[in-house]
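Biologist: I'm new to this one and would like to know what the words really rest on. Can we go through it together?

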Amino acid sequence: MKRSKVIEVLTDGSVGSKVVVKGWVRAFRSNRFIQLNDGSTIKNIQAVVDFENFDEALLKRITTGSAIAVTGELVESQGAGQAVEIQVEGIEILGDANPDEVQRTVMQPKRHSLEFLREQAHLRFRTNTFGAVFRIRHAVAYAIHKFFNDRGFYYLHTPIVTGSDAEGAGEMFRVTTLDPINPPLNEDGSVNYKEDFFGKPVNLTVSGQLEAELGALALGQVYTFGPTFRAENSNTSRHLAEFWMIEPEVAFNDLKDNMDLTESFLKYIVDYVLENCKDDLAFLNEREANEQKTKPQNERNEMSLIERLEFVSKNDFKRLTYTEAIDLLLQSKPYKKGQFKFDVKWGIDLQSEHERYLVEKEFNCPVILTDYPAEIKAFYMRQNDDGKTVAAMDVLFPGIGEIVGGSQREERFDVLKEKCKAFDIHEEEIWWYLETRKFGTVPHAGFGLGFERMIMFVTGMTNIRDVIPFPRTPQNAEF
RNA sequence: GCUUCUUUAGCUCAGCUGGUUAGAGCAUCUGACUGUUAAUCAGAGGGUCCCUGGUUCGAGCCCAGGAAGGAGCGCCA
């Protein structure tokens, strides 16, 4: 008989029918009630055993963590916690799990710290929390592809190994096949990269944006969705050395179009999760609520996870310029009381404390800041007419900080060449990028969304290492 | 990279002014019970007190150095 998934049995199963369900045992209570989970839903199915009719040695092997197949009739449950359950007629042990060893793992049926779960990333999928997080992670990835596909975007695969060091987005990981102990040397003692695999130094990508622009300037609208690597020694709950980024790029869009696209995109993702991940979201909502109870009143979230998602879905993002933001900060209470650690004045890069004040105190909703000073933003951002600022935008989310960074791109050949000079970027390194400005250049714009930061927002997880299956961070590449 | 906190049983933690045999809850095991929902009740086993060195009659506790982890900051998405 064909196996039914737990979610099928719970949603479409008809009472009286025979079913086969396979999964992992979460709990075996009273020698009678097996809680079985197969990953298709956060919910377990209860399989009820008349232990008088089964071999005691067989029942002994039904332990937390073991894998079994049960055959039986789907019946209405006599208990309160579930509508239906399986009256077991046959049990097959698929894989044993020794309780003494299970006890040392995160499968041990008790509450665990996230730190302990992180040390067992290979087993944390078995827990309710991480099951929910990774089902939602999938749903968000799918929603992103669906959003862009429905709007006529093309998914463009930009290179992971890149020879250009021009993005300026951060430190890069060198990729080489040279012998690290005895590399071939030039006469002056430097490494001879002509003998390396690609004949020159190459790195893992820090951004697919420049290549995405090339695609957009022919295909019209494209997006990338791939792994991104930053060799920064960042030790925070918001940074990974390997993360996933989505970078749409649209020809003929200006900064306003870019903001509109960003806002509808983020709201679409939130709506998709609210609509399609109800069970997992309800669990994470409850989980967060319980966690909040252990915190002092003033550190608790004002809204629950689901309320926060609904709030973002229903309310317009607050849009203001960098210059307006600086004015607001200068008039703010914490500034006047000297409570900011970092000074505020036009021209500075906003610090976390400033962004948090704007997002969490002043507006209490997502904020889009635009038109930053040119000096603190990348070379490819379009120069505004004031000569001082560029058409940049950062989207700031409560609790997460910067979730999107984007801009209208500099499409004027001469201006871009000047910017390259000012930023010390050699033309011969990005001649291909500059050429698009020579042949039918047009205004265009795009942005980058940190995928994991978005997952943090929709799951309520507060450490980025808990929303990617196998986190890579400084000094940690286990699994 | 900087600041700060933590490290004691499988997990989460307590451990008094430095003093005899290091504790609790949960988990595991054994037994009882059997329509349970984090099942319940009784009992048992389980320790390199992170590592190295020092002070002391005596160190889980004090001092020095190191390691690992968390949080915050910087860099950024």
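Modeller: Sure, and keep in mind that this is a predicted model. Let's start with a definition: Asp, Glu, Lys and Arg count as charged, Ala, Val, Leu, Ile, Met, Phe, Trp, Tyr, Cys and Pro as nonpolar, and the others, Gly among them, as polar. By that sorting, the surface near RNA strand B has 22 polar, 16 charged and 10 nonpolar residues.

Biologist: What makes a residue count as near RNA strand B?

Modeller: One of its heavy atoms has to lie within 4 Å of the strand. There are 48 residues around RNA strand B, and R29, Q103, S234, H239 and R453 come nearest. On the RNA side, sugar and phosphate make up 50% of the atoms within 4 Å of the protein.

Biologist: Why is the pair between Q82 and RNA strand B called a polar contact?

Modeller: The cut-off is 3.5 Å between N or O atoms. A polar side-chain atom of Q82 sits 2.9 Å from a base oxygen of the strand, so the pair qualifies. With phosphate oxygens, S113 has a polar side-chain atom at 3.0 Å, and R118 has a side-chain N or O atom at 3.2 Å, so both of these pass too.

Biologist: What does "buried" mean for helix 6?

Modeller: Buried means under 20% relative accessible area. In helix 6, residues 209–219, that applies to Q209, L210, E211, A212, E213, G215 and A216. Their cover includes strand 8, strand 11, strand 12, helix 14 and strand 17.

Biologist: Which residue follows helix 6?

Modeller: G220, with a positive phi near 90 degrees.

How values were computed
Residues are numbered from 1 along each chain as its sequence is written. Chains are lettered from A and ligands numbered from 1 in the order in which they are written. This is a predicted model: local features need pLDDT of at least 70, side-chain atom pairs count only at pLDDT 80 or more; totals for chains, interfaces and linings use all residues. Side-chain values use heavy atoms; hydrogens and water are left out. A polar contact is a pair of N or O atoms within 3.5 Å; within protein, one must be able to donate a hydrogen and the other to accept it, and residues adjacent in sequence count only if both atoms are side-chain atoms. Buried means under 20% relative accessible area, exposed over 50%, partly exposed in between (1.4 Å probe, protein chains only). Helices (H or I, at least four residues) and strands (E, at least two) are DSSP runs, numbered from the N terminus. Contact means heavy atoms within 4.5 Å.
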